[in-house]
Amino acid sequence: MKKIAVLTSGGDAPGMNAAVRAVVRTALYNGLEVMGVYRGYNGLINGDLEPMTLRSVSEIIHRGGTMLHTARSPEFRTEEGIMKAVETCRKNDIDGVVVIGGDGSFRGAQDLSRHGISCIGIPCTIDNDIACCDRTIGYDTAMNTAMELVDKLRDTAQSHDRCSVIEVMGRRAGYIALNVGIAVGAISILVPEIPYDVEKDVIDRILAAAQTGKQHFIVMVAEGVGGSTELAHHIEKQTGFETRATIFGHVQRGGRPTLCDRVLASRLGDEAVQLLLAGKSNRVVTVRNDQITDYDIEEALAMKKTLDTNLYRMAHEISL
Ligand code: F6P
């Protein structure tokens, strides 16, 4: 292994930059050359890459987004696109690629591995929907961002005696909704993983809490459940409390990464390069039970992550 490349792919997440920095610095420390690839797999397809030095990754550890830019690449899902990317690697003498992204990005890493390019994936998505790891890079920051935003909304909900329906990101996963819901004392949390009944789990709970003197309410909805505007209308009609829906959207993906995300990204970036140096390929590097470890990508993608139903029960018991 003499030369590697690093790319960021899929939705950006705070901490991506810290991971790029760790990959570049560990590689250079160990005598490897490193190329930075721009805009995910599109950069490999189009040959959009350049050599990285120690200074290329200065002043990024604390920044959100990704200095390498990112993309979801439909072209890379075709055999022709994959072959163009392989060709770019061969032309530039790239023996290994570190892919920083979510599960879709790891499928791309598998494709490159099949063509003899060593690949290591680093789990990085705010959704935390990758089963083989305790936490994905970006999740902690996104939760803290959402929590701070809810704290602001709560001030106005309290002042007007209103109900606030808040939709947080998580296309197929309710991790952000559940944990932020607990952290802000939401009266109801709706996630795609757990069936719910709006009358029983939202309306009845608001009416019961109102009986005890509660006058403002937060209902947390995961993006994967959706329908927050319609839900707000329904709550207003059924309970008489003025209700507003707020969809946080992409603001949750930006901002300075938390300490947890910076440290996690640094550990995983370093380990990804160590695995390449050890001759490994087609692996995902993760922290599981607080231990750094790695899995075959196939095995990692087949794992199922379940939401902690006890946490869900607890959230609803203590937030009435
Ligand atoms: O996967 C991360 C994520 O932020 C999801 O929570 C969300 O559904 C999706 O990306 C949004 O993607 P885009 O940036 O393409 O709108």
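Asp 294 is buried in this predicted model. Its relative accessibility is 16%, and the cut-off for burial is under 20%. The residue is nonetheless charge-paired: Asp 294 forms a salt bridge with Arg 283. The closest N and O atoms of this pair are 2.8 Å apart. Arg 283 lies in strand β10 (residues 283–288) and Asp 294 in strand β11 (residues 291–296). The bridge therefore ties together parts that are eleven residues apart in sequence.

Shared partners also occur. Asp 103, Asp 129 and Arg 172 are joined into one network by salt bridges. The count of salt bridges in the model comes to twelve.

A further pair, Asp 12 and Arg 253, links distant parts of the chain. The two residues are 241 positions apart. Asp 12 sits in the loop between β1 (3–8) and α1 (16–29). Arg 253 sits in the loop between β9 (243–247) and α9 (259–277). Their closest N and O atoms are 2.7 Å apart. Arg 253 is buried, because its relative accessible area of 16% falls under the 20% limit.

The bridge between Lys 84 and Glu 75 has an N to O distance of 2.9 Å. Both side chains belong to residues in the intermediate class of exposure. Lys 84 is partly exposed, at 36% relative accessibility. Glu 75 is partly exposed as well, at 32%.

The next element is a strand assembly. Four strands form an open sheet in the order β7-β8-β6-β9. The pairing is parallel. Strands β7 (188–190) and β9 are the edges, and each pairs on one side only. Neighbouring strands are turned by 15° against each other on average, direction ignored.

At the β7 edge, three bridges join β7 to strand β8 (residues 217–222). These two strands run parallel. Leu 190 has Val 221 in β8 as its bridge partner.

Helices pack on this sheet. Helix α5 (residues 139–160) touches β6 (163–168), β8 and β9. The direction of α5 makes about 165° with that of β6. Helix α8 (residues 228–239) lies across β6, β7, β8 and β9. Relative to β9, helix α8 runs at about 165°.

How values were computed:
Residues numbered from 1 in each chain as written. Predicted model: local features only at pLDDT ≥ 70, side-chain atom pairs only at ≥ 80, totals over all residues. Heavy atoms only, no water. Salt bridge = Lys/Arg side-chain N within 4 Å of Asp/Glu carboxyl O. Buried < 20%, exposed > 50% of the residue type's maximum accessible area, 1.4 Å probe, protein only. Pairing = 2+ DSSP bridges. Axes fitted to C-alpha atoms, helices over the stretch in contact; angles between N-to-C directions. Contact = heavy atoms within 4.5 Å.
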